[in-house]
Amino acid sequence: MSDAIRHLTLANGLHLTLRHAPRLKRAATALRVHAGSHDAPARWPGLAHFLEHLFFLGNRRFPLDDGLMRYVQGLGGQVNASTRERTTDFFFDVPPTALAGGLERLCQMLAEPDFAIERQRREREVIHAEFIAWSRNPEAQRQFALLQSVSARHPLTGFHAGNRYSLPLESQAFQQGLRQFHHDFYQGGQLTLSLAGPQPLDELAHLGRQFGGLFAKGESVARQRPPALLDAPLHPPGAWGKRHDLLFAHDGLPDGAEQALELLLAQLTDSRPGGWLDALRQRGWLQGCKAQQLHAHAGQLLWHVQLELSDQACLTETRELLHGWLGFLRQQDHKPLNDRFARLQQRHEQAASAMELAQRDSAGRPFAGLGTQGVEAFAALLWDLPSSNAGNWHLPPVEALLATELPMIDKPLPAGLGLGDCLPPCRQFASLDLRWHIPSPLRQRMQVVLQHSLHPLRERADQAALRLGFEAIGDYWQLRLAGYPLAVINATHEALTLLRTPAQEHWYSPAAAEAPLIPIRALLKALPDALLMGEEQPQPACTLDQPRLDALWQQARWQGLAQGFAPAQQGALGTALQGLMGQPIAPSPARPILGRHWRQIRTSGSEPALLLFFPLPADLQAAGRLLAHVLQGPVYQRLRVELQLGYAVFSAFRQIEGYGGLLFGVQSPHASHAQILGHLLDLLRKGVALAPAARAQLADQFDETTMTNADVTQWAWQAHIATHNADLSRMRRSILNVEQGQLDALLQQLLDARHGWLCLANASAPDAEWL
């Protein structure tokens, strides 16, 4: 059943978009301000971004400890904001019953900010820390370099993030400019507020009117039209290793061009037989492809195709193939293309979270095929691109991952495959997790082959709103598929075939280049492997081939869990799992971590970054979750707000490869690893106070009816491999029974490393006490 959507305009000029989607288990808000960094005074780069930060520090009505961030995170939700060139977006999700509280806090903080100078000084330092991290991030600098390809008169080529020197807080003119920017753009005529959830439209409309009405009345501000993107032919950016960026700029496109670009990018990133990417792959050139919009405003579009090509690739011929494919698309009847696109969009709408839907609605880009205006814009976009008649092209076949009918052949599920019961089949979301223990040291080298073999299927899965992941962690290979049940079934059959017998061209492919991560993200990526890493094994110097892969699969022992499949679908899944490699084995508890362990991880950035993980046994995890819940606010307040260690500061309870425990993370541009660790341990030594409402607030998060489907299936999988009870109601009861004394005792056990520490950092251990 399609979602019910309603559009309203309030008396203050605010545009309200409402979406009633009964399948959703959470509710979300997205508020778009139609002003961004290019609308701020040019003399103060970063003013718009700085204002976005100030809002989250609270105001008189809702101070920081009762503000939007604390409220949403306390309910297990997500909250964030983003300042772009011409827009600023704020968004969060919560359980449906908590939407009013979040919406009131959001609208209050935006309508009535606190401009106290002391909080401005503190937050400017956070902005400066972000600037330092941005300036040291190779990927961010590459993207900034791409923007320098357009006209120097266009604001895209400028610096807009802000830093300590571009935000003169002591200047009266700056303070007036900050307040004027807020006055001009944070008023009804400049705002679009979108609400999405399972609530009836009338209930959403009541909330929207009640809190959207907090903004001052106003009209849409006429903004100056930007200069042309190009005043000379576009200068192609240079190669970056094996990466090549094909950049495209447009001026004067009709309305609907941004949506039309989505359709075009779907055609350009489809690597199935018939298109230009398939032609590159057949030549052995293609190693990866991404396409992304970089800028869209007032009929202007800037976008790029990012290609990873082999050393043997010819860039000139690559461009010729792209131009030939664009010429072919120009000549096609656009209605069938749009019909295919509409089916993809429908699947994405079904799979999208409440937050994703609200964000798309606030941007005026719902998951849908193009209307008449959009189809016309698609034609105009194609005519504005280089093209040729070269090549022998055809459209790829209908995507099998979008099929809606079950296969006719049913087979029993493999013995040893677990069937989870946390997620009911009525959610129309299913997952399959398979984990093979591969004792041979060849697993790392062989995993590169298998990644290449799976890559085309992963690209198709992304387009079909299906999550497909394959990774090597410790001594294991892990495959995860999650999404629409029938898509999971069809992809499972294909994935196992590709893993069992990779095509010949994949045996000699190099490891795919990965974009460099900021240090804290690199540590997070390394954490699962650090938890499961066994003893170092020498790599055999042998040629990889099919017989060696067959031997690995014959020795493999697997664990698996299927969730969300209706009884009628389980037979089809059994068919897809015929010939599952290896033999089943029952999960075993994770090995305990004894003592304090320090692991140095190489990162591309130089800023000190540190993760500290405190694993806990099963009987202490309810208390550990409550402790993490209570600590979340104090950690943020002390480390980020008061000490200003940096913008990357977080704390949470995490389940990671069968381990559950408290995780703390900090990246700082100025504090050393020893200082970060010292500040964190000092905070823990101060203890915590259990607020009366904290237990119920956390316990309510362990309810299938308010958890996202992905979170439910991930919870159950982690419980399965850890041999823990996956009953959510049991965890709720356990949390409600935790007392203050238990938190105090647990905190002391953590400080004493009773259950072990694992610290990951991009430097060596500060002293000899670490293992």
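**Figure 1. The hairpin of E18 and E19 in this predicted model has two residues between its strands.** Glutamate 657 has a positive phi here, near 50°. The two strands, E18 (residues 648–656) and E19, are antiparallel partners joined by nine bridges. To find your way along the ladder, start at glutamine 655, whose bridge partner in E19 is glycine 660.

**Figure 2. Strand E17 is mostly covered, with eight of its eight residues buried.** Ala609, Leu611, Phe613 and Pro615 are buried on one side of E17. On the other side, Leu610, Leu612, Phe614 and Leu616 are buried too. Which strands pair with E17? E19 does, running antiparallel to E17 over eight bridges, and E20 is joined to E17 by four bridges, also antiparallel. Two pairs make handy landmarks: proline 615 has glycine 661 of E19 as its bridge partner, and leucine 611 has leucine 760 of E20.

**Figure 3. Helix H24 (residues 740–751) and the elements that cover its buried residues.** H24 has twelve residues and reaches 17 Å from first C-alpha to last, close to the 16 Å expected at 1.5 Å a residue. Which residues of H24 are buried? They are Leu743, Leu746, Leu747, Gln749, Leu750 and Leu751. Their cover includes four strands you can pick out one by one: E16 (596–600), E17 (609–616), E19 (659–667) and E20 (757–761). Helices H19 (621–642) and H20 (673–685) are also part of that cover. After H24 comes alanine 753, which has a positive phi near 55°.

**Figure 4. Glycine 646 sits in the loop between H19 and E18.** Is glycine 646 buried or exposed? Its relative accessibility is 4%, so glycine 646 counts as buried. Leaving aside residues up to four places away in sequence, glycine 646 touches Ala129, Arg640, Gln667 and Pro669. This view also brings together distant parts of the sequence: glycine 646 and isoleucine 127 are 519 residues apart in the chain, but their C-alpha atoms are 8.9 Å apart in space.

**Figure 5. Strand E9 (residues 300–309) is mostly covered, with ten of its ten residues buried.** One side of E9 holds Gln300, Leu302, His304, Gln306 and Glu308, and these are all buried. The other side holds Leu301, Trp303, Val305, Leu307 and Leu309, which are buried as well. E7 (residues 243–250) runs antiparallel to E9, with eight bridges between them; leucine 246 has valine 305 of E9 as its bridge partner. E8 (residues 286–297) is also antiparallel to E9, and ten bridges join the two. Look for histidine 297, which stands opposite glutamine 300 in E9. The hairpin of E8 and E9 has two residues between the strands, and alanine 298 takes a positive phi near 50° there.

**Figure 6. Helices H8 and H11 pack with their axes 11 Å apart.** H8 spans residues 257–268 and H11 spans residues 334–351, and the angle between the two helices is about 90°. H8 is therefore roughly perpendicular to H11. From H8, the contact is made by Glu262, Leu263, Ala266 and Gln267. From H11, the contributors are Leu337, Asn338, Phe341 and Gln345. The residues of this contact divide into four nonpolar, three polar and one charged.

**Figure 7. An open sheet of six strands, in the order E1-E2-E6-E3-E5-E4, has mixed pairing.** The edges are formed by E1 (4–9) and E4 (78–83), each of which pairs on one side only. On average, neighbouring strands of the sheet are turned by 10° against each other, direction ignored. E1 and E2 (residues 15–20) run antiparallel and are joined by six bridges. Within that pairing, arginine 6 has leucine 18 of E2 as its bridge partner.

**Figure 8. Helices H3 and H7, seen with the strands they meet.** H3 (residues 99–111) lies across E3 (27–33), E5 (88–94) and E6 (191–197). The direction of H3 is at about 160° to E5. H7 (residues 201–212) packs on the sheet and touches E1, E2 and E6. The angle between the directions of H7 and E2 is about 150°.

Conventions:
Residues are numbered from 1 along each chain as its sequence is written. This is a predicted model: local features need pLDDT of at least 70, side-chain atom pairs count only at pLDDT 80 or more; totals for chains, interfaces and linings use all residues. Side-chain values use heavy atoms; hydrogens and water are left out. The expected span of a helix is 1.5 Å times one less than its number of residues. Buried means under 20% relative accessible area, exposed over 50%, partly exposed in between (1.4 Å probe, protein chains only). Contact means heavy atoms within 4.5 Å. Two strands pair if DSSP finds at least two bridges between them. Axes are lines fitted to C-alpha atoms, for helices over the stretch in contact, and angles run from 0 to 180 degrees between N-to-C directions. Angles under 35 degrees count as roughly parallel, over 145 as roughly antiparallel, 65 to 115 as roughly perpendicular and the rest as oblique. Ala, Val, Leu, Ile, Met, Phe, Trp, Tyr, Cys and Pro count as nonpolar, Asp, Glu, Lys and Arg as charged, and the others, Gly among them, as polar.
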